[in-house]
Amino acid sequence: MSALERLFKLKEHGTDVRTELLGGLTTFLTMAYIIFVNPSILGDAGMPKDAVFVATCVAAALGSLVMGLYANYPIAMAPGMGLNAYFAYGVVQGMGYSWEAALGAVFISGLLFVFISVIRVREMIINGIPRSVRIAITAGIGLFLAIISLKNAGIVAAHPATLLTLGDLHATSALLAILGFFIIVALERLRVKGAILIGIVLVTFLSFIVAGNQFQGIVSAPPSLAPTLLKLDVSAALSIGILNVVLVFFLVELFDATGTLMGVASRAGLLRQGKMDRLNKALLADSSAIAAGSLLGTSSTTAYIESAAGVQAGARTGLAAVAVALLFLACLFIAPLAGAVPGYATAPALFYVSCLMLRELADLEWDDVTESVPAVITALMMPFTYSIANGVAFGFISYSALKLLTGRAREVPVIAWIIAAVFVFRYMYIGAE
């Protein structure tokens, strides 16, 4: 225990081993879907699904382990949703590049990430985020979590005319998700330890009884990683045409991970005067994980917003991230057991966390529209474009534009002007991911 205390500074963060492990397990359960979803999406790009399954688990474990041991933050990492869809449907299917070339593009973007993290440019970018936009990032991630969780629960569904509509509330999955949400909130109010985890486990248990969930066993041997290991094609990625793809990967990774790091750290109370103490270590952890993941055979690895669920369960240190890493490695052998937790069982936990994250908006300067409007735009664009990076981008652009038009351009940090200009260029000449 003393070794864990020295390594993770548990007492200093007001936590203990049990709480951290509980938080790590909670985070893992809310993001375990990626080990099944990622192979499915990248499989559509022609990649061998079994190898991608292994690459997903190992990349998530490596990224989370580095984040936990090196940066000491309770933030888990895994191949990012959205980035994998852009990889498969945008770059490979849409543009016609091979998946090997796309992996090469991810690798180059990861190296760029490492470079700007080492020379602390990325730290300058994060510290240059205006306070109102920084507040909105946390709230926007909350809204993003909300739409993800409601979709997973079947409470909202796609509609051709209105884009979204109410789902089938007679469905057993939706009813179980609603029940799980009320149980989690009630247990949290009663200060029951592990309320979120209890809710997830209870809904999973009920799914076997009333929702037709099938138990597929516990142990299975992991497939081979050989079909994707070191199969990236860097030379193809350096061709003129795909350099645009590298830039898109780079920008999305930069602000997707940045937004997540800031949002989750804020929710955990780990910001000091609006800044992360070990920011550069966290940035190096997630940037190196991108390059490592591409070598293994998966799309960009990034910090996961689902880490907010573990934070709500009490996680405050890197021990929680280490626990997540070990659970991902265990999934190489217990995939059937991990797959038994349905999406509608974790949805209530994510929706509860999203409710809590929205209270950050109370700290905005609502009387100053040049501060409040960009913040609201930032928050709303995340769920409405299904992208954290797009939300941050529109936040920077609107903040800079409104300050300029109202004669307050001097209030905008130089780095914010540069970032806003880069995003304007991206949307004009490259397009969104």
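Buried residues account for 57% of the 433 residues in the chain, in a model that is predicted. The accessible surface of the chain amounts to about 17400 Å², and carbon and sulfur atoms hold 67% of this area. For a chain of 433 residues, a compact globule would be expected to have a radius of gyration near 22 Å, and the value of 21 Å found for the chain agrees with this expectation. The C-alpha trace spans about 60 × 55 × 50 Å along its principal axes. The secondary structure consists of 20 helices and six strands. Among the contacts with a separation of 6 or more, 81% are made by residues 24 or more positions apart.

In soluble globular proteins, nonpolar side chains tend to be buried together. In this chain, the largest nonpolar core comprises 107 residues, and the residues with the most contacts inside this core are M67, F87, L145, F249 and F328. Helix α4, which covers residues 49-71, gives the most to this core, contributing eleven residues. The surroundings of F249 can be described in detail: when its neighbours within four places in sequence are left aside, F249 is in contact with L83, Y86, F87, V91, A102, A105, V106, S109 and S300. A second core, separate from the largest one, contains eleven residues, including L150, I155, V203 and Y344.

A further buried position is that of T26, which is placed in helix α2 (residues 17-31). T26 has a relative accessible area of 0% and therefore counts as buried. Apart from its neighbours within four places in sequence, T26 is in contact with I196, L197, A309, G310 and A313. The C-alpha atoms of T26 and I200 are separated by 8.4 Å, although these two residues are 174 residues apart along the chain.

Nonpolar side chains also appear on the surface, where L202, F205, F208, I209, V210, F215, I218, V219 and F333 form a patch with about 870 Å² of accessible area together. One member of this patch, F208, lies in helix α10, which covers residues 195-210. The relative accessibility of F208 is 32%, so this residue counts as partly exposed.

Side chains of opposite charge can pair when their charged atoms come close. The count of salt bridges comes to four. One of them links K403 with E371, with the closest N and O atoms 2.9 Å apart. Because K403 lies in helix α19 (residues 388-405) and E371 in helix α18 (residues 369-385), this pair ties together parts that are 32 residues apart in sequence. Both K403 and E371 are buried, and for K403 the relative accessibility is 0%. K403 also forms a salt bridge with E411, in which the closest N and O atoms are 2.7 Å apart. In contrast to the buried K403, E411 is partly exposed, with a relative accessible area of 40%. E411 in turn forms a salt bridge with R408, the closest N and O atoms being 2.9 Å apart, and R408 is likewise partly exposed, with a relative accessible area of 26%. Through salt bridges that share partners, D368, E371, K403, R408 and E411 are joined into one network.

Key: Residues are numbered from 1 along each chain as its sequence is written. This is a predicted model: local features need pLDDT of at least 70, side-chain atom pairs count only at pLDDT 80 or more; totals for chains, interfaces and linings use all residues. Side-chain values use heavy atoms; hydrogens and water are left out. Patches are made of residues with over 30% relative accessible area and no salt bridge: like charges are joined within 9 Å, nonpolar side chains (Val, Leu, Ile, Met, Phe, Trp, Tyr) within 5 Å. Accessible areas come from the Shrake-Rupley method with a 1.4 Å probe; for residues, only the protein chains shown count as cover. Helices (H or I, at least four residues) and strands (E, at least two) are DSSP runs, numbered from the N terminus. Buried means under 20% relative accessible area, exposed over 50%, partly exposed in between (1.4 Å probe, protein chains only). A nonpolar core is a set of buried Ala, Val, Leu, Ile, Met, Phe, Trp, Tyr and Cys residues joined through side-chain atoms within 4.5 Å. Contact means heavy atoms within 4.5 Å. The radius of gyration is taken over C-alpha atoms; the globule rule is 2.2 Å times the number of residues to the power 0.38.
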